[in-house]
Amino acid sequence: MTTSIPSAETLLSFEQEINAIRDETLSKVGQADADYIRRVIRFQRGLDLSSRLVIVLGFIHPLFWVAGVLMLALAKILDNMEIGHNVMHGQYDWMNDPHINSRNFEWDIVGDGDSWKRYHNHEHHTYTNIIGKDRDYGYGLLRLSDDIPWRKKNLWQFFTYLNLSLLFQWGVAYHELAAERIFFGKRRKESHLPISRSELKSAFFSKIGKQVFKDYIFWPLLCFPVFWSVLLGNLCANLIRNLWTSTIIFCGHFTEDAQTFSEEECKNETRGQWYYRQILGSSNLEGARWFHILTGHLSCQIEHHLFPDIPARHYPAMAQKVEQVCKTHGIPYNTGSFAHQYLTVVKRVLRYSFPDKAGQEPLTNH
Amino acid sequence: MTTMTDPALSPRSSGPAPLAAATGVGLRRWLASSLTQHDHFSAYFEPLIQLFLPHWSTAGWRARVLEVRTELEDVYSLVLRPAKGWAGFQAGQYVEISAEQDGRRVSRIFSISSSPAYFARTGLIELTIRVQDQGRITPWLRQHFAGGGLVTLSAAQGDFIASEGSAPLLLIAGGSGITPFRSLLQQLQRQGSARPVQLLYFARHAQHFLFREEFDRLLLDMPQFSLILLNNEDHGFISAEHIREYCPDFSARDIMICGPTPMIQAARAVLSELAVDPAQIRFEYFGAAPIDMQRANASDTLVAFKRSAINADVAAEPAQTLLDVAEQAGLKPVSGCRIGVCHQCICKKESGVVFNTKTGTYSDTGSEDIQLCISVAASDLILDL
Ligand SMILES: Cc1cc2nc3c(=O)[nH]c(=O)nc-3n(C[C@H](O)[C@H](O)[C@H](O)COP(=O)(O)OP(=O)(O)OC[C@H]3O[C@@H](n4cnc5c(N)ncnc54)[C@H](O)[C@@H]3O)c2cc1C
Ligand code: FES
Ligand SMILES: [Zn+2]
C-alpha cells in the first residue's frame, strides 16, 4: 500500500516546521531530564530488588507471589522500555554519565544490547517500513502487507503472532542472527556487520546464558526451599513483559492504516520526505501519563521516529504540535486509543492471512 | 590528509596479573553482568546509594566544596574536603573534578595548589583556578559553588613531581602554571627541606602574580628559596637572557616548567638553545599536550588517535567527518548508518573541540563521547581510538 507523495513545496515547509519543533524542544533539554531518568532508574532498581523478595513470600500467601510477579514484570518493562530503549537510542548521551549512555547500557532481556542497536537503531529507524530493508517489518514471520507474497503458512499467522508475542524477547534476540543466516540457509554474501559472525554468535549465547542463569538458576537456587515457585514466578514475569512490549510495538507500526514503502520511493529522499515516511509508517496511542511511561513513550511512536534521540518524556507535548503541523499540510496522522489501535492490528494480521484482497471478505469464506 | 605513527603514543601494557586474581575478577564481572547487566555491582547500586549519599559516583570520590576564595579578580581557589578513601597525592599532581551543570556531567583538570602535608593535617586540598574568557566551566564553578556543594574527584594523577634527592631545582611558571609549584614549595617548607629552589615566575602584568604574600613569608622562612617575578609588559617573553641572568647555575639544576602550551614550548626551545640535557627537564602543559607532527597548512587540524598511536593532518577544506578521517588513516571504527542515527560510532574524545554537523553546535573542550560520523574537527583533537 503506497500513497502519492505531497509536492516538494509542501514537504519543504513541513520539514521546516518539524525542525522548529525539534529545536524548540532541544533547547529545553537539561536538568529536569537528568533528574527524571535518574528517578525512573532508582524506582526500577528498588522494584527489581524488592520484587524478588515478595515472590519468595509466596510461601506465606499466594497473593504475595502474584504481587511479586507483577512487580518484577513492571521492573522489566520499565528497564526495557522507558529506560533501555530510550537510553540505547542515545537520548541521554548528552548527560555524559558513565552508565546512562547508549554505549554502555545493557538491558534485562535476552537480546544483547549491541546487537539490537545495530539492527534497530540503524536498519529499522533508517529504513522504517521499507519492504525488504526493514527486517522489523513483520519480523519475517508475518505477512502484514500486499507487497509480501502470500504463502500457505500465513493462513495460521494469527497463532504465529500470539506465539511471537509470548516469546518476543527470544524473537528479538534471534533477529540479527536470522538475517545473517548464522544457523540455517545460505550465508549472506555481503555482510556489512562491523563484527565477525563468530563474535555475533558468541554475543548471542553469552547474553542468553547470563539471563537464564539469573532468572532460572541463581534466584531460584538462592531461595532454595521455594525453588519452583521462584522459577515459575520469573518465567511469568518474563512472559508478561514479552506480551506487553510486543503488543505496544505492533500497535506502533502495524495498525490498519500504517503504510509501507518500496526501496525506489526512498532513494535520495530529503529530510522532509524522510519525516513524511516516518509519520506514515507509525501510529500513536493515546493515554494517561503512566501509560506513556509504561510504553517507554512508544505510545508516541510517530514522535519517536521523528526525533529518536530527544528524551522521550517530551514526546506527548511534541505530539500535539506535530499533529497540528500534519493537519495544516494535509498529511495523515494516525492516532487513537489503545483498544482501538490494538483491534486494528488484530484485523490486519487476520486480513493478510489470506491471499490478496480475499482477506477483505468475512472470515467464514475459508 | 596525511598520517604518521608515533611510537611515543603507543599504549602502555600493564604487567601480567597473577592468574588466580585475574579469574577472580573475571568471575565477579560475569556475576555482576548476569545479575545486574552492569560490569560492576556498584554501578547497578549507584542510583540507590545516591539516595543516601547525593552525588556518590562509581567514577570517583565525593568531595565537598567548603569555600570559594578569591585570589585575584579573575582567579579563585576551591577548598575541598575529599571523602574518606581518597588516597592523597604528591606535590605537583592534578585531579579531574566533575560536577553536574544543567543535568550534564562536566569535568576539568586542575593541579592541586596546596601541599600533601596540609592534606595530612586538615583533610583539605585546594585548587586554584583562572577564569577563562568565555570558558564554559571556570566562571560557572565559581558562582555555582559559592555556597558550597558536592563535586566528584578523581584519584590524583600525573608525574610532574620533583626529582628524588636534593639536587637544586629551577622552577619556571607561566600564569596559572604556578599552582603545582605552590604545592611543592609548601611541602618543602613543611618538611624543613634545605633543597635550593629558584622560581622564575612569568605573568602578563605586575598585578597578575598569585600568592604574593605567601611567597614573601616563604622567602623569610626558607633562605635557600629565591623568587624572580617577571611580567611580560616590562620583561617580554621568556628568553635565554632571563635564564642566564637570574639562574646562572641552571645547568646544575633539575628544571620544572608549567604553564600554557606556547610558553612551555618557548621555554623548552630556550633550554635546548642553552644546551640543557632534556633528561633534566620536566614540564606540564595546562591544556592538551601538542600533537607532535608538522602541519601541511597553518589552517589544518591535527587528530591524534591515541590507542592506535596514529596522528592525522586534516585539511580545513573540504570538511571531513572524523569517521572518514579515521578510516583513511587505516582504522576501522565501528559504524552503521553514518548519518548520526544509530549511535554505533560513538568514541571518547579526550580533548579538543568538534563541530556537530547534525545539531550545528560546537562541543565542549573536555573529555566526552562524540559520534564520529557527524563530527568535524574544530581544533586539534585527541581521540580514544
Ligand atoms: C594537567 C593540567 C593541569 C591544569 N591545572 C590548572 C590549574 O591549576 N588552574 C587552572 O586555572 N587551570 C588549569 N588547567 C587548565 C584547565 O584544565 C582548563 O583549561 C580550564 O579550566 C578551562 O576553563 P573553562 O572550562 O572555563 O574553559 P573552556 O570552556 O574549556 O574554554 C577554554 C578556552 O578555550 C576557548 N575556547 C572554547 N571553545 C573554543 C573553540 N571552539 N575554539 C577556540 N577556542 C575555544 C575559550 O574561549 C576559553 O578561553 C590545567 C590543565 C591541565 C591539562
Ligand atoms: S554511524 Fe550511525 S550514528 Fe554514526
Ligand atoms: Zn526505536
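How many bridges pair strand β4 of chain B with β5(B), and in which sense? In this predicted model, β4(B), residues 94-101, pairs with β5(B) over eight bridges, in the antiparallel sense. One of the residues involved is B:Tyr94, whose bridge partner in β5(B) is B:Ser111.

Both strands belong to an open sheet of six strands in chain B. The order is β5-β4-β7-β2-β3-β6, with antiparallel pairing. The edge strands are β5 (104-111) and β6 (125-130) of chain B, and each pairs on one side only. Neighbouring strands of this sheet are turned against each other by 40° on average, direction ignored. A helix also meets the sheet strands: α5(B), residues 179-190, lies across β2 (61-72), β5 and β6 of chain B. Helix α5(B) runs at about 150° to β6(B).

Chain B also has an open sheet of three strands, in the order β17-β16-β19. Its pairing is antiparallel. Strands β17 (361-362) and β19 (375-377) of chain B each have a single partner strand, so one side of each is left without a neighbour in the sheet. Strand β16(B), residues 354-356, is joined to β19(B) by three bridges. Here B:Val354 has B:Ala377 as its bridge partner in β19(B).

In chain A, helix α7 covers residues 197-222. Its 26 residues, at 1.5 Å a residue, should span 38 Å. The end C-alpha atoms are 36 Å apart, which agrees. Helix α7(A) nevertheless bends by about 40° at A:Phe213. A:Phe213 is also among the buried residues of α7(A), which include A:Leu200, A:Phe204, A:Tyr216 and A:Trp219.

Definitions and conventions
Residues are numbered from 1 along each chain as its sequence is written. Chains are lettered from A and ligands numbered from 1 in the order in which they are written. This is a predicted model: local features need pLDDT of at least 70, side-chain atom pairs count only at pLDDT 80 or more; totals for chains, interfaces and linings use all residues. Side-chain values use heavy atoms; hydrogens and water are left out. Two strands pair if DSSP finds at least two bridges between them. Helices (H or I, at least four residues) and strands (E, at least two) are DSSP runs, numbered from the N terminus. Axes are lines fitted to C-alpha atoms, for helices over the stretch in contact, and angles run from 0 to 180 degrees between N-to-C directions. Contact means heavy atoms within 4.5 Å. The expected span of a helix is 1.5 Å times one less than its number of residues. The bend at a residue is the angle between axes fitted to the seven residues ending there and the seven starting there. Buried means under 20% relative accessible area, exposed over 50%, partly exposed in between (1.4 Å probe, protein chains only).
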